[in-house]
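The following exercises concern a predicted model. Each task is followed by a solution in steps.

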Amino acid sequence: MSHQHNTNTSRRALLKQGAALAAGVGGLMVAGPSAAATSSPSPKFDEIFDIIVVGSGFAGMSAAVQAAEEGAKVLVIDKMPVFGGNSTINGGAMAVASSGLQAKSSIEDSVELMVSDMLKSGRGMNDAEMLKLVCDGTAESARWLESYGTVWKPFVQHFGGHSVPRVLQTRESSGAGIIRPLIAAAKKAGVTMYKQTKLISFVQDEQHRVIGVKVKSGYFFPKERTGKDKLLGARQGVIMATGGFGRDIPFRQMQQPRLTSELDSTNHPGANADALKQMMLIGANPIHLDQIQLGPWSSPDEKGFGTASQFNTAATYQNGIVVDVRTGERFFNELADRKARAEAIMTRRDAQGQPVYPVGFTNEKGAAKAQTLEWGLKYDVIKKADTLDELAGLYGIPAEKLKAQVAQWNQYVRDGEDKQFGRPLMKAFELTQGPWYAVRMWPKVHYCMGGVRVNTHSQVLHLISDKPIPGLFAAGEATGGIHGASRLGACAVAEGVVTGRNAARSAAKADAVSLKLA
Ligand code: ADP
């Protein structure tokens with residue numbers, strides 16, 4: 001009897017939860033042990049702002065500065081002890097359609113061409129409307145960044161998967177060249193910024209509108225018991241710019257079982273799914289979560305992003321070749337998109353399934369723009385050889401085969417056609433003269449294409465109603481769909497800046513609710 005009774009009760013409770021979710025309810029009613037939201041008739045806040053931005057990477061800082069431009073009283077919180085997330089440790093490269101630098105080099109480009117390149121790389125899975133919005137905003141957003149102090153190198157680069165050279169890069173070859181000026185601009189504009197402040201859950205009013213966040217202030221990652229509870233109110237909205245979950249091994253393995261702890265990640269240690277889970281708990285629709293990008297330019301000989309990533313992006317892939325050490329032969333188009341390259345590299349295994357790390361290399365001319373060369377050499381990640389015979393000896397590559405492959409490559413460059421893999425040769429040159437610089441390669445978990453579903457106003461959409469969750473906006477890597485199955489290089493900065501600003505403009509237009517201080 002009592003068992004029957006319990007079952008009925010829990011069935012009733014479940015039905016009630018289902019109904020609540022269907023209505024977009026995210027209050028205590030639907031929350032389990034880790035409460036997703038605080039919903040009280042009139043919560044008292046410790047502090048009140050117009051817009052709260054969670055996360056201080058490209059998306060968060062762009063949102064904050066844009067929201068301040070719109071006249072909003074803005075707060076940025078970040079859970080980590082330093083601002084900038086993955087954005088400060090990335091390469092600072094931004095894909096821009098029809099930039100002034102392209103015009104100077106007589107490179108013809110268009111928003112449509114960038115959209116079509118990204119659709120191709122995304123295997124057609126992309127959210128086409130958001131993709132268009134991002135590409136459309138790149139040229140203006142690059143100028144906006146410049147106006148706040150970002151300085152681009154004076155040339156455009158050709159990254160894999162882009163049909164023309166369209167990549168601008170900060171002179172520092174780092175996202176810090178974008179984040180630092182934006183933080184300075186935000187502070188100058190009166191934006192309040194709290195680090196070590198972790199979003200724990202959302203505060204919603206009785207209409208289920210997000211009106212603030214519960215945080216742990218003084219939080220010390222990764223110690224979950226640290227910090228003091230605070231309620232922070234947001235009259236117009238909360239913008240989630242919380243990045244991806246590349247370092248959350250259990251969560252990423254739930255999406256893609258092969259992404260075990262054996263695979264390193266280029267991400268900062270805090271790149272986990274905590275914030276995403278909170279959005280899901282109040283009904284946000286998670287899409288494409290299993291689309292997780294592996295960066296094809298990293299090296300197994302160092303941790304994280306390291307020195308090889310910039311070296312391979314600026315030198316090996318654009319100006320060199322990558323070979324299988326067993327054959328000395330190329331085995332893929334070095335300018336293919338990231339997914340194609342990473343998958344190709346990961347096919348190089350021995351009979352036991354263990355990686356046989358391929359080697360990428362170029363010569364002095366090819367490495368001229370690699371700012372990490374010196375450090376890579378210092379830490380022995382990048383190796384130098386005066387001759388191809390010496391290079392072959394360093395990695396156990398059959399020397400004659402390696403030399404034959406280089407000769408064949410040079411012939412393709414002279415002919416203007418890569419008969420092996422169809423690589424675009426616009427900027428290619430013959431590899432005739434040493435010294436040579438080389439690196440062993442193996443992919444690392446880099447970027448989550450998936451995240452919450454948003455509309456073109458950057459409003460987060462509810463799983464069941466597909467309508468905006470009132471008061472909740474999202475931007476950058478925290479959102480899903482823009483890149484489809486694979487993001488092209490330099491498109492995260494583009495996405496972060498454009499969608500961060502878009503979210504800020506939308507939030508600044510939202511009606512303000514009246515909130516009470518404690
Ligand atoms: P994007 O490139 O999309 O801007 P980043 O990874 O550069 O993404 O930045 C995301 C930021 O969000 C990181 O600095 C991270 O520490 C922060 N963040 C993630 N989850 C939380 C959270 N729960 N509370 C506060 N900050 C968070």
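**Exercise 1. The surroundings of the ligand**

Task: Identify which residues come nearest to the ligand, and state how much of the ligand the protein covers.

Solution.
Step 1. The ligand is surrounded by 23 residues, of which A59, D78, S87, L199 and E477 come nearest.
Step 2. Turn next to the backbone. An oxygen atom of the ligand lies 2.8 Å from a backbone N or O atom of E477. For F58, a backbone N or O atom is 3.2 Å from an oxygen atom of the ligand, and a polar backbone atom of G85 is likewise placed 3.2 Å from a ligand oxygen atom.
Step 3. On its own the ligand has 580 Å² of accessible area, and the protein covers 97% of this.

**Exercise 2. The packing of helix 2 against helix 14**

Task: Describe the geometry and the residue composition of the contact between helix 2 and helix 14.

Solution.
Step 1. Two packed helices are described by the angle between their axes and by the distance between the axes.
Step 2. For helix 2 (residues 58-69) and helix 14 (residues 491-509), the angle is about 35° and the axes are 7 Å apart.
Step 3. The handedness of this crossing is right-handed.
Step 4. Helix 2 contributes F58, A59, S62, A63, Q66 and A67 to the contact, while helix 14 contributes V493, G496, V497, G500, R501, A504 and R505.
Step 5. Sorted by character, the residues of this contact comprise 7 nonpolar, 4 polar and 2 charged.
Step 6. Compare with Exercise 1: F58 has a backbone atom 3.2 Å from a ligand oxygen atom, and A59 is among the residues that come nearest to the ligand.

**Exercise 3. Backbone exceptions**

Task: Locate the cis peptide bonds at P222 and P435 and the positive phi of S106.

Solution.
Step 1. Most peptide bonds are trans, and most residues other than glycine have a negative phi.
Step 2. F221 and P222 are joined by a cis peptide bond, with omega about 0°. P222 belongs to the loop between strand 9 (210-217) and strand 10 (228-240).
Step 3. A cis peptide bond, again with omega about 0°, links G434 to P435. The loop holding P435 runs between helix 13 (399-415) and strand 16 (436-440).
Step 4. S106 is not a glycine, yet its phi is positive, at about 55°. S106 sits in the loop between helix 3 (100-104) and helix 4 (111-121).

How values were computed
Residues are numbered from 1 along each chain as its sequence is written. This is a predicted model: local features need pLDDT of at least 70, side-chain atom pairs count only at pLDDT 80 or more; totals for chains, interfaces and linings use all residues. Side-chain values use heavy atoms; hydrogens and water are left out. Axes are lines fitted to C-alpha atoms, for helices over the stretch in contact, and angles run from 0 to 180 degrees between N-to-C directions. Helices (H or I, at least four residues) and strands (E, at least two) are DSSP runs, numbered from the N terminus. A crossing is left-handed if the near helix is turned anticlockwise from the far one by less than a right angle, and right-handed if clockwise. Contact means heavy atoms within 4.5 Å. Ala, Val, Leu, Ile, Met, Phe, Trp, Tyr, Cys and Pro count as nonpolar, Asp, Glu, Lys and Arg as charged, and the others, Gly among them, as polar. A residue is near a molecule or strand if one of its heavy atoms lies within 4 Å of it. A polar contact is a pair of N or O atoms within 3.5 Å; within protein, one must be able to donate a hydrogen and the other to accept it, and residues adjacent in sequence count only if both atoms are side-chain atoms. Accessible areas come from the Shrake-Rupley method with a 1.4 Å probe; for residues, only the protein chains shown count as cover.
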